[in-house]
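Open your viewer and get ready to click around. This tour goes stop by stop, telling you what to select and what you'll find there.

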Amino acid sequence: MQSQKQSRIVIIGTGAVGSSYAFALLNHHLTNELVLIDMNKEKAAGDALDLNHGIPFASPMKIWAGDYEDCRDADLVVITAGANQAPGETRLDLIEKNLNIFKTIVHQIMNSGFNGIILVATNPVDILSYATWKLSGLPKEKVIGSGTILDTSRFRFLLSQYFNVDPRNIHACIMGEHGDSELPVWSHVHVGSRTLKDLVDVEDQNVQEELNGLFEQVKNAAYEIIRLKGATYYAIAQGLIRLTRAILNNENSILTVSTLMQGQYGLDDLYIGAPAILNQEGLREVIELNLSLEEHVKLKKSGEQLKEALAPFRHLL
Ligand SMILES: NC(=O)c1ccc[n+]([C@@H]2O[C@H](COP(=O)([O-])OP(=O)(O)OC[C@H]3O[C@@H](n4cnc5c(N)ncnc54)[C@H](O)[C@@H]3O)[C@@H](O)[C@H]2O)c1
């Protein structure tokens, strides 16, 4: 048990992502109580039974298929409900469908008297996190999107293979939209304490091609996994676990999440992926990296694309 305090997590949407996260929560034992909510009540009930039968191999925990009233006493509500990408669909293609779903979900969460932290993973995650912040009326610190946490993890994994170094010693991040306009922050890649320039000749064309290819793999990872098996869920579940631990254990960890920009990086009034410090209050602060000019331009463009994508649906908020 990492935290002695009584805590409750509610998962809304026990599909592939939600149930993978629930299974990981049981194994990591990050909470005493876990509530599963899905519009498919049988799926949530089945998952609760299945997970309960694993408790004797883990440690005591209370798990049940519940209702929105259960959100009242929750520390953390994690939303993984909604449509996912079909093969060939981009994350932005899901906006209208999932905004309508979120309107009903967020309304019901807040009607319970909930006053904790909401973590959003449903795509397009930047737009839905912004919508959740608007629809809930919660302070911006209490609404966090999983943002580019998964892309960052994919990036660190591939860099670890490239340099043959433990991924935990790779410090690097992907910023921007969790989607096609995201960008690799090459200027802040560190392997141990060494920069990219210390390790490779960044002017060499072959090196540049290899690194660009590596980023393309990061950007297209979801498309590839969806082509192969229909959906991606294990790695995002692990990412949600990392965020949960940072929040419930008050870690002040720096992780790349989707958060409200209010002037940082010259961006305003949108949620987008950036490194930030997380603790039990939610999001403590956004870290403003000293980006290269090219990275800065790409980030601005990514922000503009998110705003343009939301514009036709703003009336729904
Ligand atoms: N943020 C990330 O990095 C990341 C990674 C992978 C997937 N995702 C996203 O997560 C979301 C879920 O993906 P999945 O593969 O688990 O999908 P899924 O279809 O397996 O599960 C979605 C679940 O949501 C439920 N649901 C739908 N509408 C609901 C409502 N109104 N109330 C309650 N439950 C509702 C469905 O019954 C289903 O069980 C998708 O939007 C997907 O794109 C995000």
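Is T122 buried or exposed? Its relative accessibility is 6%, so T122 counts as buried, the cut-off for that label being under 20%. Before you go on, keep in mind that this is a predicted model.

**Stop 1: the loop after strand 5**

Select T122 and look at what sits on each side along the chain. Strand 5 covers 117–120, helix 4 covers 125–136, and T122 is in the loop between them. Now show the residues around T122. Leaving out anything up to four places away in sequence, you should find contacts with I79, T80, A81, G82, N98, F102 and L128. Zoom in on I79 in that group: the T122 side chain comes to 3.4 Å from the backbone oxygen of I79.

Next, step along to N123, which belongs to the loop between strand 5 and helix 4. Buried or exposed, what would you call N123? With a relative accessibility of 15%, N123 counts as buried, because buried means under 20%. Its contacts, again skipping residues up to four places away, are Q85, R91, L94, N98, L128 and H178.

Don't leave the loop just yet. Select P124, also placed between strand 5 and helix 4, and look at the peptide bond that links N123 to P124. That bond is cis, with omega at about -5°.

**Stop 2: the residues listed in UniProt as a binding site**

Which residues does UniProt list under "binding site"? The entry, which is unreviewed, gives Q85, R91, N123, P124, V125, D126, D151, T152, S153, R154 and T232. Colour them as a set. One of them, D126, is also part of the lining of the largest cavity, and you'll get to that cavity soon.

From the coloured set, pick R154. You'll find R154 in helix 5, residues 149–163. Its relative accessible area is 12%, so R154 is buried. Ignore its neighbours within four places in sequence, and R154 is in contact with R91, V218, A221, A222, I225 and T232. Two names there, R91 and T232, are also in the UniProt list you just coloured.

**Stop 3: Y223 in helix 8**

Go to helix 8, residues 221–229, and select Y223. An unreviewed UniProt entry lists Y223 as "modified residue: Phosphotyrosine". How does Y223 sit with respect to the surface? It has a relative accessible area of 24%, so Y223 is partly exposed. Show its contacts beyond four places in sequence: they are Q85, E89, T90 and D180. You've met Q85 before, as one of the residues touched by N123.

**Stop 4: the cavity**

How many cavities of 30 Å³ or more turn up in a search of the whole structure? The count is 1. The largest cavity holds about 50 Å³ of space. To find it, select D126, I127, Y130, L270, Y271, L306, K307 and L310, which line it. Then colour by element: helix 4, strand 13 (268–279) and helix 10 (293–310) each give at least two residues to this lining. By class, the lining has 6 nonpolar residues, 2 charged ones and no polar ones.

**Stop 5: two positive phi angles**

Select N250, in the loop between helix 9 (234–248) and strand 12 (253–262). Check the backbone here: phi of N250 is near 50°, a positive value in a residue that isn't glycine. N250 has a relative accessible area of 32%, so it is partly exposed.

Now follow the chain through strand 12 to Y265, which is in the loop between strand 12 and strand 13. Y265 isn't a glycine either, yet its phi is positive, about 55°. Buried or exposed, which word suits Y265? At 4% relative accessibility, Y265 counts as buried.

**Last stop: I101 in helix 3**

Finish by selecting I101, which lies in helix 3, residues 95–111. I101 counts as partly exposed because its relative accessibility is 32%. Beyond four places in sequence, I101 touches G82 and A83. Draw a distance line between the C-alpha atoms of I101 and A83: these residues are 18 apart along the chain, and the line should read 9.0 Å. G82 may ring a bell, since T122 at your opening stop touches G82 too.

Conventions: Residues are numbered from 1 along each chain as its sequence is written. This is a predicted model: local features need pLDDT of at least 70, side-chain atom pairs count only at pLDDT 80 or more; totals for chains, interfaces and linings use all residues. Side-chain values use heavy atoms; hydrogens and water are left out. Helices (H or I, at least four residues) and strands (E, at least two) are DSSP runs, numbered from the N terminus. Buried means under 20% relative accessible area, exposed over 50%, partly exposed in between (1.4 Å probe, protein chains only). A polar contact is a pair of N or O atoms within 3.5 Å; within protein, one must be able to donate a hydrogen and the other to accept it, and residues adjacent in sequence count only if both atoms are side-chain atoms. Contact means heavy atoms within 4.5 Å. UniProt positions are given in the numbering used here, feature names are shortened, and annotations may be inferred rather than shown by experiment. On a 1 Å grid over the protein atoms alone, a cavity is a set of points where a 1.4 Å probe fits but cannot get out, and a pocket is an open set with protein on both sides within 12 Å along at least five of seven lines; lining residues have an atom within 4 Å of a point. Grid points are joined across faces, edges and corners, and a volume is the space filled by probe spheres set on the points. Ala, Val, Leu, Ile, Met, Phe, Trp, Tyr, Cys and Pro count as nonpolar, Asp, Glu, Lys and Arg as charged, and the others, Gly among them, as polar.
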